[in-house]
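Here are some notes to read alongside the model, set out point by point. Please keep the sequence and the structure open while you go through them.

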Amino acid sequence: MTKNIAVIRGDGIGPEIVREAIAVLDRVADRFGHTFAYTDVDMGGCAIDKYGEPLPASELQKCLDSDSVLLGAVGGNKWNSMPGHLRPEKGLLALRAGMGVYSNNRPAKIWPQLADASPLKKSIVDKGIDFIIVRELIGGIYFGEHKTEETDGQKTAIDVLTYSESEIERIGRIGFETARKRRKQLCSVEKSNVLDSSRLWKTVMHRLAEEYPDVTLTDMLVDNCAMQIVKDPSQFDVIVTENMFGDILSDEASMITGSIGMIPSSSLGQTSCGLYEPIHGSAPDIAGTDTANPIGTILAAAMMLRFSFDMAAEADCIEAAVSAVLDAGYRTADIMAEGCQKIGCSECGRLICEAIAK
């Protein structure tokens, strides 16, 4: 099978971690008889430097013409002084909107080899951490009106949070369908005691629940959810929530698993062409030092195989290879523990490729 993958190496450690993910994909292609063709796409800070904008239309088109998109990371201190519409992160928002990927799915699952790396008490970790956050991705406050006005010598900043019934329903369905494939427990997270948008969210979710009688729906306020994730993460199976809440909660969830460097994510819409990336940032402070953890990106590539290309066996192979490397005691700096062997980014990728070949 031949698949065309748009590759956004991005900024900071992005090129390093993407390089290792591509090496793993090539090893999988060799083993299973596939062909993966790659088209490089400039987005983020590197695109600003080259084109003067974070995502030119020509680069977005390359993504739309692909079978799926693999992204490293974008942004960095170099571009922090740019005006808001020219920040690297605006390229990411434009990419999500342009691709129509409205559902971001972030697993929070602790690898047994890294149980001691979790900041939570052993008694909590031993109960299990295995849930998914389904985050609405192209609506809400991030995509609302943003403006700063000055009245009587004082500046006022305004950010508008808007959700329609249709936007809530389509992400709600993703939540229910995801829960149906897992343990059939769905927690809808909002702030309905304060926000009109959340009250509408809750109403739509309960209306949808009538179509999914096999899934148990519960409601939780976002501040309580943030507390419960660290108090007892084992209670969660699937969490569905709006854009900003999901952004915050998914980063919290990633840290209880031991390292943000281990977590992949997928962003999907109406088609099989998805956006796959690790959830960490560009980490410009360690760029070029060969110390980044490429596993999140490698696991994102595995998610691409599983969810966009229907290559479940190939995805299983990558995940098994990652587990084998961890079993052997190899660790990058962010997950280093006593008694383990510290390795760099390139060596981590090489070992995972080697494990795939066995």
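**Notes on the predicted model**

1. Let us begin with charge, keeping in mind that this is a predicted model. The protein carries 36 positive and 51 negative charges, and the mean positions of these two sets are 3 Å apart.

2. On the overall fold, the secondary structure comes to 12 helices and 14 strands. The radius of gyration is 20 Å, close to the 21 Å that the globule rule gives for 358 residues, so the protein is as compact as a globular protein of that length. Along its principal axes, the C-alpha trace spans about 60 × 50 × 40 Å.

3. On burial and surface, 52% of the 358 residues count as buried, while the accessible surface of the protein comes to about 15300 Å², with 51% of that area belonging to carbon and sulfur atoms. If we take the contacts with a separation of 6 or more, 75% of them are accounted for by residues 24 or more positions apart.

4. How far apart are the C-alpha atoms of Asp30 and Ala357? They are separated by 9.1 Å, although the two residues are 327 residues apart along the chain. Asp30 itself lies in helix α1, which covers residues 14-32, and this residue is exposed, because its relative accessible area is 63% and the cut-off for exposed is over 50%.

5. The aromatic side chains deserve a careful look, since the count comes to 4 aromatic pairs by the rule that ring centres lie within 6.5 Å. One of them is formed by Phe131 and Phe236, a tilted pair with 5.8 Å centre to centre and 50° between the planes. This pair links distant parts of the chain, with Phe131 in strand β5 (residues 130-136) and Phe236 in the loop between α8 (222-231) and β10 (238-241), 105 residues apart. Phe131 is buried, and Phe236 is buried as well.

6. Another aromatic pair, formed by Phe176 and Tyr212, is stacked, with 4.7 Å centre to centre and 10° between the planes. Phe176 lies in helix α6 (residues 165-180) and Tyr212 in the loop between α7 (196-209) and β9 (216-221), so this pair ties together parts that are 36 residues apart in sequence. Are these two residues buried or exposed? Phe176 is buried, with a relative accessible area of 0%, and Tyr212 is buried too, with a value of 4%.

7. Thr297 is a useful residue to select in the viewer, and its place is in helix α10 (residues 295-307). With a relative accessibility of 0%, Thr297 counts as buried, because buried means under 20%. Which residues is Thr297 in contact with, leaving aside its neighbours within four places in sequence? The contacts of Thr297 are Ile17, Val18, Ala21, Leu70, Leu71, Pro278 and His280.

8. Finally, please check the backbone of the loop between β12 (275-278) and α10, where Ala283 lies and where Asp290 also has its place. Ala283 has a phi near 40°, which is a positive value in a residue other than glycine, and Asp290 has a positive phi of about 60° although it is not a glycine. As for accessibility, Ala283 counts as partly exposed at 24%, and Asp290 counts as partly exposed at 28%.

How values were computed. Residues are numbered from 1 along each chain as its sequence is written. This is a predicted model: local features need pLDDT of at least 70, side-chain atom pairs count only at pLDDT 80 or more; totals for chains, interfaces and linings use all residues. Side-chain values use heavy atoms; hydrogens and water are left out. Helices (H or I, at least four residues) and strands (E, at least two) are DSSP runs, numbered from the N terminus. The radius of gyration is taken over C-alpha atoms; the globule rule is 2.2 Å times the number of residues to the power 0.38. Buried means under 20% relative accessible area, exposed over 50%, partly exposed in between (1.4 Å probe, protein chains only). Contact means heavy atoms within 4.5 Å. Accessible areas come from the Shrake-Rupley method with a 1.4 Å probe; for residues, only the protein chains shown count as cover. Lys and Arg count as positive and Asp and Glu as negative; His and the chain ends are not counted. The place of a charge is taken as NZ of Lys, CZ of Arg, CG of Asp or CD of Glu. Rings of Phe, Tyr and Trp (its six-membered ring) pair if their centres lie within 6.5 Å; planes under 30 degrees apart count as stacked, over 60 as edge-to-face and the rest as tilted.
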